[in-house]
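Got your viewer open and your mouse ready? Let's go on a little tour, one selection at a time.

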Amino acid sequence: MNALKRYWWLFLILFVIVYPLTFGDSPYKTGILVFVGIYIMLAVGLDLLMGYGGQISVGHAAFFAIGAYTSGIMTARYGIPPMIAMTSGMFISAVLAWATGRPVLALKEYYLAMATLAFNEIIFTLIIGLEKFTGGASGLRDIPPFSVFGFSFENHILYYYFVWFVVFLVIASSIAVVKSPFGRTLIAIHSDEQAARHFGINSPKYKTSVFILAAIYASLAGSLYSHYMGFIAPDDFGVMTSINILVMLFLGGIGTIYGPVLGAAFLKILPEITYQFQDYELLINGIILIVVLVFMPKGLYGVLISLGKFIFRRAR
Amino acid sequence: MMVQNSDILNIENITKTFEGVRALENVDFRVKKGQIKALIGPNGAGKTTLLNVTSGLLKPDNGSIYMNGQKISGMTPDKIAFLGISRTFQLVRLFTINNATVLDNVLLGAHKQLKPDIIGTIFRRGSLNKKEREVKDKALEILSFVGLEGKEKFLPGALSFGNQRLLELARSLMTEPQMLLLDEPASGLNDAEVDGFIKLLLNIRDRGITILLVEHNMKVVMNIADDIVVLDFGKKLAEGTPSQICANQQVIEAYLGTYGSAQECV
């Protein structure tokens with residue numbers, strides 16, 4: 001039983017590996033899980049910033065956009081190898097997060113929410129305005145599939161594996177971060193920033209660091225997204241997307257890393273299950289969110305943990 | 001400025017005003033290395049303000065504070081913490097988010113030694129884990145030193161109020177401080193706890209850590225203080241040994257008499 005407790009994630013990896021071989025051998029079915037993976041990266045990054053660092057962001061999609069458009073523009077317009085484009089996107093996001101981190105994260109609560117929202121709007125407006133590069137409101141097309149050293153990931157199953165490989169790196173590094181002195185520092189800042197400073201924590205530096213990490217993850221997700229879609233438009237990166245990521249956090253259970261993973265998976269798979277009620281999709285999402293927030297304040301992950309404990313107790 | 005080698009903290013002419021209210025006015029005293037100095041006075045005398053100015057939470061309007069001859073007034077709290085001052089709070093302020101345990105709280109005190117950064121956290125796991133094991137051993141040792149052994153996995157909220165105070169103290173000791181600023185550490189403790197607490201503070205002093213203590217409980221003050229400063233309306237009213245303070249007519253009028261605590265004077 002203890003082994004099960006410790007190595008349950010191996011089953012998850014096994015599932016991800018086996019999935020396309022058994023049920024998913026169609027671009028549609030692997031596509032769902034590719035989107036799930038991309039949103040997991042966004043949600044996990046935001047969880048580090050918000051669930052651990054305690055810094056709200058209503059503009060996380062801004063970095064998603066920067067990654068997607070850097071990759072898109074560099075590969076589609078200038079024929080630069082995707083790997084270099086992706087790295088550049090991560091670099092640009094990191095620099096931008098570094099430059100904006102200190103002034104923006106000096107704000108608290110509602111003010112921080114407004115500032116991050118404005119940041120998202122600025123990026124959104126820039127995408128529409130810089131039509132020459134981004135294609136403006138009508139979008140950017142002809143983004144080539146991802147490739148490394150001439151090896152193309154055009155095959156949807158190969159790309160699926162590649163995305164999930166990156167997803168596992170993101171989750172593993174996030175777990176490493178939160179289970180370390182660095183994670184403890186974030187929790188201290190989240191609990192009581194003033195008190196934390198009395199223990200030698202240079203809080204602006206730590207808040208900026210985790211902001212940069214979350215931005216890099218989001219940018220990575222954006223690059224993977226643009227190569228998968230081949231076409232990106234500004235609407236994919238608006239404030240609504242940012243809010244969706246926030247919903248994933250609360251739905252899954254904020255501040256747990258695994259929770260947002262669940263939340264992202266749930267919110268992305270749900271419409272595929274309830275597609276016959278497509279007209280009511282927003283309504284269904286809304287109702288589920290309210291039910292979760294009211295009755296399961298620790299999110300789906302919290303429910304799963306309680307359920308697990310219940311079963312373990314029964315088994316004994 | 002006269003810095004003597006035996007001084008760890010020099011507070012010189014500190015003035016702090018809050019929107020016209022003078023919380024501190026030309027307060028001026030020094031703390032000798034290795035002693036326990038108590039700061040007493042009626043409510044609103046400016047005791048906590050003085051601790052806040054010393055720990056860097058507030059900036060003084062005027063005057064300076066020196067630690068071992070180095071000017072610390074005007075520095076941010078994290079820099080002052082690195083220089084070796086640690087503090088506890090009047091209302092307990094423990095870290096509780098994400099089910100942080102008692103042990104997590106104490107381990108946070110090791111921030112100064114660990115100085116975690118994000119790249120090391122992700123890419124240098126080996127050396128990190130080794131350091132983490134070392135500080136964990138030390139944290140457990142400190143927990144048993146303050147009398148919280150076996151409670152490391154508890155949530156801070158599950159501890160009694162007295163134990164939460166001890167936890168704050170353990171967290172501060174974990175920073176390996178030269179000096180502790182304690183803000184009413186004995187308030188809310190019962191008599192038995194107070195006796196244990198007195199012993200603990202004396203033990204801490206014997207480890208070579210200087211203590212500056214704000215306290216209302218005269219039993220604590222008279223039992224452990226080597227030296228006392230009395231503040232009243234933001235001004236220094238008197239300074240001296242416990243017996244000198246007890247004999248001081250002004251102090252009795254302003255503070256000891258009204259609190260009925262003069263009987264603690266022996």
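Begin in chain B with strands β1 and β4 (residues 62-67): they run antiparallel and are joined by 5 bridges. This is a predicted model, by the way. To see one of the matched positions, click on Leu9(B), which stands opposite Met67(B) in β4(B).

**Stop 1: the sheet around β1(B)**

Keep β1(B) selected, residues 7-18, and add β2(B). How many bridges join β1(B) to β2(B)? There are 8, and these two strands run antiparallel as well. Look for Phe18(B), which sits opposite Val21(B) in β2(B).

Now zoom in on the turn of this hairpin. The hairpin of β1(B) and β2(B) has 2 residues between the strands, and in it Glu19(B) takes a positive phi near 45°.

Zoom out again and select the whole sheet. It is an open sheet of 4 strands in chain B, in the order β2-β1-β4-β5, with antiparallel pairing. Which strands stand at the edges? They are β2 (21-32) and β5 (70-71) of chain B; each has a single partner strand, so one side of each has no neighbour in the sheet.

**Stop 2: a covered strand, β8(B)**

Next, select residues 210-214 of chain B, which is strand β8. Is this strand mostly covered or mostly uncovered? Mostly covered: 5 of its 5 residues are buried. Turn on the side chains and see how they split. Thr210(B), Leu212(B) and Val214(B) point one way, while Ile211(B) and Leu213(B) point the other way, and all of them are buried.

Then bring in the strands that pair with β8(B). Strand β3 of chain B, residues 36-40, runs parallel to β8(B) and is joined to it by 4 bridges. Pick out Leu39(B) here: its bridge partner in β8(B) is Val214(B). Strand β7(B) also pairs with β8(B) in the parallel sense, over 5 bridges. This time click on Met179(B), whose bridge partner in β8(B) is Thr210(B).

Follow the chain on from β7(B) to find Glu184(B). This residue lies in the loop between β7 (179-183) and α8 (191-206) of chain B. Its phi is near 45°, a positive value in a residue other than glycine. Buried or exposed, then? Glu184(B) counts as buried, because it has 20 C-beta neighbours inside 10 Å, and 20 or more is what it takes.

**Stop 3: where the chains touch**

Show both chains now and colour them separately. The contact takes 30 residues from chain B and 26 residues from chain A. On the chain B side, try selecting the helices α2 (77-83), α3 (102-108), α4 (111-114), α5 (118-123) and α6 (125-146), as each supplies at least two residues to the side that touches chain A. Which of these helices gives the most? That's α2(B), with 4 residues. Colour this side of chain B by residue class and you'll find 15 nonpolar, 8 polar and 7 charged residues.

**Stop 4: chain A as a whole**

Hide chain B and look at chain A alone. It has 14 helices and 2 strands. Its C-alpha atoms fill a box of roughly 60 × 50 × 40 Å, taken along the principal axes. A compact globule of 316 residues would have a radius of gyration near 20 Å, and chain A agrees, with 20 Å. Buried residues make up 49% of the chain's 316 residues. Among the contacts in chain A with a separation of 6 or more, 76% are between residues 24 or more positions apart.

**Stop 5: two helices and a loop in chain A**

Select helix α3 (residues 61-78) and helix α5 (residues 109-129) of chain A. They pack at an angle of about 30°, with their axes 8 Å apart. That angle makes α3(A) roughly parallel to α5(A). From α3(A), the contact uses Ala61(A), Ala62(A), Ala65(A), Ile66(A) and Tyr69(A); from α5(A), it uses Phe119(A), Asn120(A), Ile123(A) and Ile127(A). By class, that gives 8 nonpolar, 1 polar and no charged residues.

For the last click, go to Ile257(A), in the loop between α11 (239-252) and α12 (258-273) of chain A. Although Ile257(A) is not a glycine, it has a positive phi of about 65°. Ile257(A) is also buried, with 24 other C-beta atoms within 10 Å.

Note on methods. Residues are numbered from 1 along each chain as its sequence is written. Chains are lettered from A and ligands numbered from 1 in the order in which they are written. This is a predicted model: local features need pLDDT of at least 70, side-chain atom pairs count only at pLDDT 80 or more; totals for chains, interfaces and linings use all residues. Axes are lines fitted to C-alpha atoms, for helices over the stretch in contact, and angles run from 0 to 180 degrees between N-to-C directions. Angles under 35 degrees count as roughly parallel, over 145 as roughly antiparallel, 65 to 115 as roughly perpendicular and the rest as oblique. Two residues are in contact if their C-beta atoms, placed from the backbone, lie within 7 Å. Ala, Val, Leu, Ile, Met, Phe, Trp, Tyr, Cys and Pro count as nonpolar, Asp, Glu, Lys and Arg as charged, and the others, Gly among them, as polar. The radius of gyration is taken over C-alpha atoms; the globule rule is 2.2 Å times the number of residues to the power 0.38. A residue is buried if 20 or more other C-beta atoms lie within 10 Å of its own, exposed if 12 or fewer, and partly exposed in between; C-beta atoms are placed from the backbone. Two strands pair if DSSP finds at least two bridges between them.
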